[in-house]
Amino acid sequence: MTAPHADQLIDGYLARLRAAAADLPRATQQELIDDMSAHVAEARSREAEETDATILNILDRLGEPNVVVADARDRLGLKAEPAYRPGLLEIAAVVLLPFIWVVGVILLWVSPAWKVRDKIIGSIFSLGGYPFIFILGVYAGHAVAPRGYSCGGGVDSNGNVIQAVCTGPSVLDVIGNVLGVVAVIVLFLLPVLTAGYLALRLRWGRRLETAAA
Amino acid sequence: MCYIAGVPADGLVSQMRRGALEYCVMALIQQTPRYAFDMIEALGQTGMLTTEGTLYPLLSRLRRDGLVRTEWRESTDGPPRRYYELTAEGRRALTAFRNEWTSFRGAVDGILKEATKS
């Protein structure tokens with residue numbers, strides 16, 4: 001083989017092209033890469049003898065990825081958008097989500113700094129925020145009181161205890177109580193964990209895909 | 001392009017070449033559909049296209065604007081090729097440019113010639 005680095009050179013070129021075109025709309029980016037790959041394949045098929053030098057010449061004639069992408073932006077009327085920098089909006093969304101859930105969710109969906117998937121996760125797993133969880137907890141507390149030691153007994157008209165029979169909790173009660181405690185811990189951690197997740201998933205310096213008219 | 005006046009003559013020429021290139025490409029496929037590599041070879045001899053890769057965004061643009069349509073075809077001596085063909089709208093645009101260009105060239109030539117006489 002006379003062009004031992006052919007694939008390496010071509011893959012490297014296409015990777016640089018992909019990186020340069022990262023902020024173009026997905027379809028435009030893919031079309032450009034497909035066209036350029038087809039071009040290289042066509043050019044290679046025409047070389048009588050392939051060497052690393054002929055590959056380099058093919059890529060040289062194609063042009064620097066940055067130059068080609070800049071030209072594409074110009075031709076297709078696509079502006080290079082400055083990177084979006086998360087700021088107060090995102091901080092407010094993350095901080096408010098566990099406490100004033102409605103406001104947090106609105107800010108979450110308004111911000112372009114998160115992907116739709118993360119916005120959905122953030123909206124669902126914050127569980128409506130702590131006020132909602134608290135209200136839910138109060139209702140649940142009324143419905144299912146924790147069971148444990150219970151004593152049956154009473155007093156007679158003179159104030160003497162006439163019966164005092166206490167029963168210990170059954171195994172099922174213990175399991176139920178443990179599960180209850182775990183559920184409460186999870187309920188109270190989830191909104192904060194969700195906020196933490198959103199903070200980590202912020203797309204710092206993400207470029208926006210926008211097409212100028 | 002209103003900023004042409006602001007760039008030096010060098011930039012002006014490259015802007016003109018850039019603008020005219022779209023129509024040169026359309027003229028290349030006026031008679032028969034061609035694939036991009038074929039067009040690049042034809043343009044390469046004229047000096048109209050120095051960075052070959054820039055032809056592809058141009059072709060995308062023409063297709064997006066409905067001036068050309070494309071079709072992949074198998075080839076006997078290489079990988080499949082995407083052929084570009086002029087649409088009716090493309091033909092109208094090319095004819096309009098041809099008329100504009102002829103009168104523009106005539107006007108500029110006339111003035112340049114007058115200037116050298118005096």
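In chain A of this model, Val105(A), Leu108(A) and Trp109(A) of helix H6 make contact with Lys119(A), Gly122(A) and Ser123(A) of helix H7. Sorted by character, the residues of this contact between H6(A) and H7(A) comprise three nonpolar, two polar and one charged. The model is a predicted one, and every value reported here has been computed from it.

## Helix packing in chain A

Two packed helices are described by the angle between their axes and the distance between the axes. For helix H6 (residues 101-110) of chain A and H7(A), the angle is about 175° and the axes lie 10 Å apart. Because angles over 145 degrees count as roughly antiparallel, H6(A) and H7(A) are placed in that class.

H7(A), which spans residues 116-125, also packs against helix H9 (residues 171-201) of chain A, here at an angle of about 165° and with the axes 9 Å apart. The two helices H7(A) and H9(A) are therefore roughly antiparallel to each other, and their crossing is left-handed. On the H7(A) side the contact is made by Asp118(A), Ile121(A), Gly122(A) and Phe125(A), while H9(A) contributes Leu190(A), Thr194(A), Tyr197(A), Leu198(A) and Arg201(A). The residues of the contact of H7(A) with H9(A) fall into five nonpolar, two polar and two charged. Gly122(A) takes part in the contact with H6(A) and also in the contact with H9(A).

The two packed pairs are set out below.

| Helix pair | Angle between axes | Distance between axes |
|---|---|---|
| H6(A) and H7(A) | about 175° | 10 Å |
| H7(A) and H9(A) | about 165° | 9 Å |

## A buried tyrosine in helix H1 of chain A

Tyr13(A) belongs to helix H1 (residues 6-20) of chain A. Tyr13(A) has 22 C-beta neighbours inside 10 Å and so counts as buried, the cut-off for that class being 20 or more. Once its neighbours within four places in sequence are left aside, Tyr13(A) is in contact with Leu59(A) and Pro65(A). Glu64(A), which lies 51 residues from Tyr13(A) along the chain, has its C-alpha atom 8.6 Å from that of Tyr13(A).

## The fold of chain B

Chain B contains four helices and three strands, and from the N terminus on these elements follow one another in the order α-β-α-α-β-β-α. Of the 118 residues in chain B, 22% are buried. When contacts in chain B between residues at least 6 apart in sequence are considered, 44% of them join residues at least 24 apart.

The three strands form an open sheet in the order S1-S3-S2 (chain B), with antiparallel pairing. S1 and S2 of chain B are the edge strands, each pairing on one side only. Strand S1 (residues 34-35) of chain B is joined to S3(B) by two bridges, and in this pairing Arg34(B) has Tyr84(B) as its bridge partner in S3(B). Strand S2 (residues 68-73) of chain B pairs with S3(B) over six bridges, again in the antiparallel sense. Within the sheet, Glu71(B) stands opposite Tyr83(B) in S3(B), and Trp72(B) stands opposite Arg82(B) in S3(B).

Helix H3 of chain B is largely enclosed by the rest of the structure, because seven of its ten residues are buried. The buried residues of H3(B) are Leu55(B), Tyr56(B), Pro57(B), Leu58(B), Leu59(B), Ser60(B) and Leu62(B). Just after H3(B), Gly66(B) adopts a positive phi of about 75°.

## The interface between the chains

Between the two chains, 15 residues of chain B are in contact with 20 residues of chain A. On the chain B side of this interface, helix H2 (36-44), helix H3 (55-64) and strand S3 (81-86) each supply at least two residues. The largest share of that side, five residues, comes from H3(B). By character, the residues of the side of chain B that touches chain A comprise six nonpolar, five polar and four charged.

Taken with the preceding section, H3(B) thus appears in two settings: seven of its ten residues are buried, and H3(B) supplies five residues to the side of chain B that touches chain A. S3(B) likewise pairs with S1(B) through two bridges and with S2(B) over six bridges, and S3(B) also supplies at least two residues to the side of chain B that touches chain A.

Terms used. Residues numbered from 1 in each chain as written. Chains lettered and ligands numbered in written order. Predicted model: local features only at pLDDT ≥ 70, side-chain atom pairs only at ≥ 80, totals over all residues. Contact = placed C-beta atoms within 7 Å. Nonpolar A, V, L, I, M, F, W, Y, C, P; charged D, E, K, R; others polar. Axes fitted to C-alpha atoms, helices over the stretch in contact; angles between N-to-C directions. Parallel < 35°, antiparallel > 145°, perpendicular 65-115°, else oblique. Left-handed = near helix turned anticlockwise from the far one by under 90°. Pairing = 2+ DSSP bridges. Buried ≥ 20, exposed ≤ 12 C-beta atoms within 10 Å, placed from the backbone.
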